[in-house]
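Let's take a walk through a protein chain together. Have a look at the picture first, then read on.

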Amino acid sequence: MQPATYILASARNGTLYIGVTSNLVKRAWEHRSSLGGGFTARYRVAQLVWYELHGNMESAILREKRLKKWDRAWKLRLIEERNPNWCDLWEEILGSPGFPPSRE
């Protein structure tokens, strides 16, 4: 279990989604595969553009809640500090434990 806070985008400067998970690879795969429907499937928000790993779930959840309250401009700056070209970070996380995702 590796808690993470993450941001997905539909495209550069597009629709954003902020989430939290204990398994980033599995969760990103679910978004990419449009499993479960919902907001990310409806708006085609599946590109992982930012993530942050945490030592425990409580800190990841707290970070998620804080990020959701930020102005959009602040969120865009956060993404561009680490990922100025808005590359999909999916390939970067593939070496993480838990891939391929199981159907747990």
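## The overall fold

This protein chain has five helices and three strands, and keep in mind that the model is predicted. Going along the sequence, the elements come in the order β-β-α-α-β-α-α-α. The radius of gyration is 13 Å, close to the 13 Å that the globule rule gives for 104 residues, so the chain is as compact as a globular protein of that length.

If you put a box around the C-alpha trace along its principal axes, that box would span about 35 × 30 × 25 Å.

## Inside and outside

How much of the chain is buried? Of the 104 residues, 37% are buried. Now take the contacts between residues at least 6 apart in sequence: 66% of them join residues at least 24 apart.

On the outside, the accessible surface comes to about 6100 Å², and carbon and sulfur atoms account for 49% of that. As for charges, the chain carries 16 positive and 11 negative ones, and the mean positions of these two groups lie 6 Å apart.

## A closer look at helix H1

Helix H1 covers residues 24–32, and its buried residues are Leu24, Val25, Lys26, Ala28, Glu30 and His31. So what do the buried residues of H1 pack against? Their partners are three strands, S1 (4–9), S2 (16–21) and S3 (47–53), along with two helices, H2 (38–42) and H5 (90–93).

Just after H1 you'll meet serine 34, which takes a positive phi of about 55 degrees.

Notes
Residues numbered from 1 in each chain as written. Predicted model: local features only at pLDDT ≥ 70, side-chain atom pairs only at ≥ 80, totals over all residues. Heavy atoms only, no water. Helix = DSSP H or I, 4+ residues; strand = E, 2+ residues; numbered from the N terminus. Rg over C-alpha atoms; globule rule 2.2 N^0.38 Å. Buried < 20%, exposed > 50% of the residue type's maximum accessible area, 1.4 Å probe, protein only. Contact = heavy atoms within 4.5 Å. Areas by Shrake-Rupley, 256 points an atom, 1.4 Å probe, with all protein chains shown as cover. Lys, Arg positive; Asp, Glu negative; His and termini not counted. Charge placed at Lys NZ, Arg CZ, Asp CG, Glu CD.
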